[in-house]
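Visitor: I should like to take a close look at one part of this protein. Would you please guide me through its largest nonpolar core?

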Amino acid sequence: GFHNILISKWDIKLSMQIINSWLNTMSSETGWIPREQIRGGESKSQVPQGFEIQNPFIANPPTFIFAIRNFIDYYKYYSEVKNEIKLEKLLININEKLKKWIEYFSSTQMNSKKKVYQWNGRDSSHNYPSGFDDLPRGMIPNDEESHLDLTLWVLELIKTMSHLNEIVDNHHDITIKSYNKLQQNINDNIRKQLLDKELEIGRAH
């Protein structure tokens, strides 16, 4: 995902192929995207055995959103007319995938009591799913945790969906209102559950 921030600026078509290929590995039932894409014996030899079998309840940050925002800007401001139909079809596919991704995060990574998000799969020493492997967190993982970083990732994913729907959704006014409402709910829950009022900063529990 982060690599494609640069690639999408250098070669937008190549970046679209990469992102589309990754999104097409998404489970059509759950919206889960595997972290490791092991293709053939040579690739498998480079992956530790413990990571070959992956847990569909363990998520990873939706870093593709940064490249997708570049796609949106390209479509709006830079694309040639002859490329717009092809690009629009790609964005429609991306839109459907991101809808499923939001559903995945909400169904598998949600702290249902606090209405914010938490990483599944962390232990007392690492939170490998988050990408911030050694960021200090509570010593004993539990179901009551709330993780600010994942909650903000989902918030940014929803913002990207809102921008995308301005292009691909014929009823985008209604859809964008629903995404704006969802963003507001998450922001309210961040302030309620994750804001240290004395320090006026967010924190994870």
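Guide: What follows describes the core, then turns to one buried residue and to the largest pocket. Please keep in mind that the model is predicted.

The largest nonpolar core consists of 43 residues. Those with the most contacts inside this core are Ile 68, Phe 71, Leu 91, Ile 94, Leu 98, Trp 101 and Phe 105. Two or more residues each are given to the core by helix 2, helix 4 (64-77), helix 5, strand 2, helix 6 and helix 7 (172-193). Helix 6 provides the largest share, namely eleven residues. As a general background, nonpolar side chains in soluble globular proteins tend to be buried together.

Leu 98 offers a detailed view. If its neighbours within four places in sequence are set aside, Leu 98 is in contact with Ile 68, Leu 157, Thr 160, Met 161 and Leu 164.

A charged residue may also be considered: Glu 145. Glu 145 is located in the loop between strand 2 (116-117) and helix 6 (148-168). Its relative accessible area is 4%, and because buried means under 20%, Glu 145 counts as buried. The side chain of Glu 145 makes a polar contact with the side chain of His 147, at 2.9 Å.

Finally, there is the largest pocket, which holds about 520 Å³ of space. Its lining comprises 23 residues, and Gly 1, Asn 60, Pro 61, Thr 63 and Phe 64 lie nearest the centre. By class, the lining has 14 nonpolar, seven polar and two charged residues. Helix 5 gives the most to this lining, with three residues.

How values were computed
Residues numbered from 1 in each chain as written. Predicted model: local features only at pLDDT ≥ 70, side-chain atom pairs only at ≥ 80, totals over all residues. Heavy atoms only, no water. 1 Å grid on protein atoms, 1.4 Å probe; cavity = no way out; pocket = protein on both sides within 12 Å on 5 of 7 lines; lining within 4 Å. Points joined across faces, edges and corners; volume = space filled by probe spheres on them. Helix = DSSP H or I, 4+ residues; strand = E, 2+ residues; numbered from the N terminus. Buried < 20%, exposed > 50% of the residue type's maximum accessible area, 1.4 Å probe, protein only. Polar contact = N/O pair within 3.5 Å; in protein donor to acceptor, adjacent residues only side chain to side chain. Core = buried A, V, L, I, M, F, W, Y, C linked by side-chain atoms within 4.5 Å. Contact = heavy atoms within 4.5 Å.
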